[in-house]
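Here are some notes to read alongside the structure, written for someone who is new to looking at protein models. Please keep the sequence and the 3D view open as you go through them.

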Amino acid sequence: MSNILQPQAAPSPDTKEAEARYAELKKKAGRFRVLIIGGANAGKTTILKKICNTTENPEIYNKWGRKIKSNLEPTGLRGNHTIENEMVFRSNPTFIFHDSCGFEAGGVDEFVKVKKFVSDRGEKESFGDQIHVIWYCIAMDDDRPITHAERDFFSKSGTGKVPVVVIFTKCEALELKAIAVLEDKGYDFDEAVEKAPAYVERELKNVHQTMETMKYCPKGHVYLQELEKPEKDCGDLVQCTVKVLDNNVLQGLFIATQQNCLVLAIKQSLRQQIKF
């Protein structure tokens, strides 16, 4: 996993050229807009802070652009919640985030809101007002991470041209679960620890295959763990998001948001020509 939070070496001439190119793209194309979906325990706040390289909470604006007060808890994006609100981190204002609190099994209100929000944003004429990607967070510390809510969303709710990346969070919980299951099967603790990684790999493969059978399956997925540790980052999410974006301008715009991920930006600029 790339470490996007570590200090970078002095920029080379090629790096400076890439920086200038993507700065121009940001100026012309606007800001990159993300809808993040998931419950309060899914690690959304941590992901957004890692992506924006900050420990501060975001500033929140209503749909008219007026800054509003919100008491955000460190464990979830709470407070004056509405999907129309825009969350912006001062460390990286190129991003605009919208939050959906996830879907309760059998509930329809938030499901309808998300579907309407994505549809309405898709009709916006301004490129900067459209939703560019959806990050759908699923916490793996739950006994049943794939619920009816996820099945409904990925089987009944297409998102048009907006790609969805599923982020499986708290994957470290699977190893603890694996050890407990293996001990129940008669293995001693040391044997269970040794066999746990293979068990986890099978579990993750099963979850992934389940998602792929759904009509509107996600375009990509990543597994994240121990994000509360300072040395952990979301480099896999950055790279996966670049891959699922279906046009050069969007890819370039997203790369431009990655202030500390210049290696990725240079590689992408060498692979594709982004025309202004």
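The points below concern a predicted model, and they take up its nonpolar cores and then one residue, Arg 33.

1. Begin with the largest nonpolar core, which has 34 residues, and in which Leu 35, Tyr 136 and Phe 168 touch the most other members. At least two residues of this core come from each of β1 (32–37), α3 (109–122), β6 (133–139), α4 (148–156), β7 (164–169), α5 (172–184) and α6 (189–212), and the largest share, seven residues, is supplied by α6.

2. If you then look at Leu 35 and set aside its neighbours within four places in sequence, you will find contacts that include Ile 83, Val 114, Phe 117, Val 118 and Trp 135, and also the residues His 98, Asp 99 and Ser 100.

3. There is also a second, separate core, made up of 32 residues, and among them are Ala 42, Phe 95, Val 165 and Leu 224.

4. Is Arg 33 buried or exposed? Arg 33, which is found in strand β1, has a relative accessible area of 3%, and it counts as buried because this value is under 20%.

5. The surroundings of Arg 33 deserve a careful look, since the side chain of Arg 33 makes a polar contact of 2.9 Å with the side chain of Glu 86, and another polar contact, of 2.9 Å, joins it to the side chain of His 98. Arg 33 also touches Gly 128, and although these two residues are 95 residues apart along the chain, their C-alpha atoms are separated by 7.3 Å.

Key:
Residues numbered from 1 in each chain as written. Predicted model: local features only at pLDDT ≥ 70, side-chain atom pairs only at ≥ 80, totals over all residues. Heavy atoms only, no water. Core = buried A, V, L, I, M, F, W, Y, C linked by side-chain atoms within 4.5 Å. Buried < 20%, exposed > 50% of the residue type's maximum accessible area, 1.4 Å probe, protein only. Helix = DSSP H or I, 4+ residues; strand = E, 2+ residues; numbered from the N terminus. Contact = heavy atoms within 4.5 Å. Polar contact = N/O pair within 3.5 Å; in protein donor to acceptor, adjacent residues only side chain to side chain.
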